[in-house]
Amino acid sequence: FKGGDTCEYLLSSGRFLGEKVWQPHSCMMHKYKISEAKNCLVDKHIVFIGDSRIRQLFYSFIKLINPQVKEEGNKHENIPFEDKSASIKVDFLWYPEVNGSMRQCIKSWTEGSVAKPHIIVAGAATWSIKIHNGSNEALTQYKINITSIAPLLEKLAKSSDVYWALQDPVYEDMLSESRKMITNEKIDAYNEAAVRILNSSSRNSKAKVKVFSVSKLIAQETIMKSTDGLHLPESSRDTNAMILMNVYCNKIMKPIDGSCCQPEPPLTLIQKLAFCFFTLSIIGYLIIHLIHRNNYRKNKSCTDLESGEEKKPAVSTPGVSTLEMLLQSFCKLGLIMTYFYLCDRANLFMKENKFYTHSSFFIPIVYILVLGVFYTENTKETKVLNREQTDEWKGWMQLVILIYHISGASTFLPVYMHIRVLVAAYLFQTGYGHFSYFWIKGDFGVYRVCQVLFRLNFLVVVLCIVMDRPYQFYYFVPLVTIWFMIIYATLAIWPQIVQKKANGNCLWHFGLLLKLICLLTCIYFLSYSQGAFEKIFSFWPLSKCFELNGNVYEWWFRWKLDRYVVFHGMLFAFIYLALQKRQMISEGKGDPLFSNRVSNVLLFISVICFLTYSIWASSCKNKTECNELHPSVSVVQILAFILIRNIPGYVRSVYSSFFAWFGKISLELFICQYHIWLAADTKGILVLVPGYPMCNVLVSTFIFVCVAHEISQITNDLAQIVVPKDNSTLLKRLLCIAGFFSGLLLFSSMQDQSRH
């Protein structure tokens, strides 16, 4: 790690991902939309001064503000541009040589009479080479002229952003006869002179003229596609313009996926308090550990010389061991959260943009599937969706989703639609699992609810504090939390209908079905009434949890996208448990689920349905239209998979321990990937080993999985302490948690006011 300013990297180094995607060294580049460009450059005056190559850059830049602009008119004259809606002025000044005329123009801005531009982009050399036939005298004069201009540019750099664009290489074979004297050797000599003079001039000055040298690297890869051997192809010019926009606008707009030129965000009050808490936890744990170690040495077992019996050490009190476990958990969590912060908030590690290729997605998928099949074991029980099977299901789905995220496969619609089914399948399991528990156990106690809510939300709440992100940012956890509460409310409200009660009277089954129909009606109403949905979740303090970027639209979109699948999971659980109770299915080891004929027919239908959905998803052309259909049809592939996985007795009797291991920590994997595997809040990729992509993925993945596993252990340990079974103790803890969140809301409101 060299350190330094990411702006320098953005302006000087990078590489192509594929043919058209430019990747700056060590940081991520944001692709600015028209509205974003206008918001950044409002009331700004930008000047491009130089030759035809600078004019090309000028046109590419203003097309970011207004794509309808056409390159027409006299090319060898000044060209003004103005966007009145945002009060943006962009001028091109025709000065093809670095001479007295250019110096006079720049000098006029240093004098008080003329308003200084906010951004100045200058550069020229090829005309000097052409007019003087590449003579050495012309190069000498160029050095003299740029030496006289350098102090003026420095003076402007104190109040404006000043960039000197180096000359791009040419494709000599394509140059016309009148341009044959413009060789890459000459261009390199002129560039070397400009860099040396500008750097030596600003060595003792705080204000620095930024050298725009990255265009050379881009041109080296693309100049052969030029139409005349001199001017860059349009895609390369657009990349240069986007780099300029990132250099100036990232520090103003602060886009999540634009880490170049962004300063490290200042610590908030809540982050500072969290840092103090974790520091005290570490100190407290070390003190208790040293005390216990000292006591252990004093009470260490030793043999009594007279009796020959071994003396037993004193047993430590339970209270101390609980405190030690609590401090140990927070100590480990504090170290892990430090790593999270360093990865995705401090400018310590590099970040890169994602770039999708089919091979980057499908090859890892095949690899993990082979590994999963290799680790096949017999299940402890052979019921439909037994524990090992659901863990396996969660595991392989989570691994596929992780590969989907790191490969940037969301840009490929067929893959996106299949991943949507995997997310829906998680929610289906939420409906199935919680309904089955409440229906069979009939346990609607506070302890069960608190245990589930704690395990789901603990990590996310800690990350919201440490990473300064809203709760809704980790959208999947709010989603499963709300659906758990909906399932609980549906079954817990009067009349409480559970399996034991329903077995005594079949009419209770109809009562439960009536409850499910009411739930479906509410879901249907809210999905088509955005206003009602937003009113419910816009009330304080719910709004603090579910708002993202000042509104709850993102939450409504996420909820609506899989609105029916939890209901489908509950209904499937009800039907399956009813069939199981009436012994209409066979779940013995190696036995098919139904009779041979019925099993074969259902298996055939399931395979057809599974493939039909995949064909439909693969033929999707419009994401919006497919998302509209997804909530209603995703259950087809989910049910088809369940039947294919469970109808054959042998398939139901085995599972992959490899996938099941990942399934047990699937929630932690999903959340941790945001900051320590991906980067810039999932928009990019974390780079721990620069220059070696495969090695980087191996190292970052190993750390990421270890951290997720450790957090899962910490969450389980803390759940036993924070959520005890004793009701009176639990009530006290709940009051403490309520006080904690009240304080958190208070500090959050103070932060919001200070930001505004």
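## Close-up views of the predicted model

**View 1. Glutamate 185 and a patch of negative charge.** Glutamate 185 is exposed, its relative accessible area being 68%. The structure shown here and in the other views is a predicted model. Glutamate 185 belongs to helix H7, which covers residues 184–201. On the surface, Glu185 gathers with Glu172, Asp173, Asp188 and Glu192 in a patch of negative charge. The value of 68% places glutamate 185 in the exposed class because that class begins over 50% relative accessible area.

**View 2. The chain as a whole.** The chain holds 29 helices and 13 strands. Its C-alpha trace spans about 100 × 80 × 50 Å along the principal axes. Of the 756 residues in the chain, 51% are buried. A search of the whole structure finds 4 disulfides. Some of these disulfides are taken up in the views that follow.

**View 3. A nonpolar patch on the surface.** Four residues, Leu269, Leu273, Leu746 and Met750, form this nonpolar patch, and together they have about 350 Å² of accessible area. Helix H10 (269–298) and helix H29 (727–755) are the elements that give two or more residues to the patch. Within the patch, leucine 273 is found in helix H10. Leucine 273 has a relative accessibility of 39% and therefore counts as partly exposed.

**View 4. The disulfide of cysteine 7 and cysteine 261.** The two sulfur atoms of cysteine 7 and cysteine 261 are 2.0 Å apart. Cysteine 7 sits in helix H1 (residues 6–12), and cysteine 261 sits in the loop between helix H9 (234–253) and H10, so the link ties together parts that are 254 residues apart in sequence. Which of the classes, buried or exposed, does cysteine 7 fall into? Cysteine 7 is buried, at 12% relative accessible area. Cysteine 261 is buried too, with a value of 7%. Both belong to the buried class because that class takes in residues under 20% relative accessible area.

**View 5. The disulfide of cysteine 40 and cysteine 249.** The sulfur atoms of this pair, cysteine 40 and cysteine 249, lie 2.0 Å from each other. The link between cysteine 40 and cysteine 249 is left-handed, with -95° about the S-S bond. Helix H2 (residues 34–41) holds cysteine 40 and helix H9 holds cysteine 249, so the pair ties together parts that are 209 residues apart in sequence. Cysteine 40 and cysteine 249 are both buried.

**View 6. The disulfide of cysteine 620 and cysteine 626.** An S to S distance of 2.0 Å is found between cysteine 620 and cysteine 626. The link has -120° about the S-S bond and is left-handed. Cysteine 620 is buried, and cysteine 626 is buried as well. With bonded cysteines counted along the chain, the disulfides follow the pattern 1-6, 2-5, 3-4, 7-8.

**View 7. Cysteine 343 and cysteine 518, which are in no disulfide.** How far from cysteine 343 is the nearest cysteine sulfur? That sulfur belongs to cysteine 672 and is 11 Å away, and cysteine 343 is in no disulfide. Cysteine 343 is buried, with a relative accessible area of 0%. For cysteine 518, also in no disulfide, the nearest cysteine sulfur is that of cysteine 522, at 6.9 Å. The sulfur of cysteine 518 is not counted as bonded to that of cysteine 522 because a disulfide needs sulfur atoms within 2.5 Å. Cysteine 518 is partly exposed, at 45% relative accessible area.

**View 8. Cysteine 672 and valine 705.** Cysteine 672 lies in helix H27, made up of residues 666–676. Cysteine 672 is buried, and its relative accessible area is 0%. Cysteine 672 and valine 705 are 33 residues apart in sequence, and their C-alpha atoms are 8.8 Å apart in space.

**View 9. Serine 619 and leucine 413.** Serine 619 is located in the loop between helix H23 (596–618) and helix H24 (623–646). With 40% relative accessibility, serine 619 counts as partly exposed. Serine 619 and leucine 413 are 206 residues apart along the chain, and 8.8 Å separates their C-alpha atoms.

Notes
Residues numbered from 1 in each chain as written. Predicted model: local features only at pLDDT ≥ 70, side-chain atom pairs only at ≥ 80, totals over all residues. Heavy atoms only, no water. Patch = residues over 30% accessible without salt bridge, like charges linked within 9 Å, V, L, I, M, F, W, Y side chains within 5 Å. Areas by Shrake-Rupley, 256 points an atom, 1.4 Å probe, with all protein chains shown as cover. Salt bridge = Lys/Arg side-chain N within 4 Å of Asp/Glu carboxyl O. Helix = DSSP H or I, 4+ residues; strand = E, 2+ residues; numbered from the N terminus. Buried < 20%, exposed > 50% of the residue type's maximum accessible area, 1.4 Å probe, protein only. Lys, Arg positive; Asp, Glu negative; His and termini not counted. Charge placed at Lys NZ, Arg CZ, Asp CG, Glu CD.
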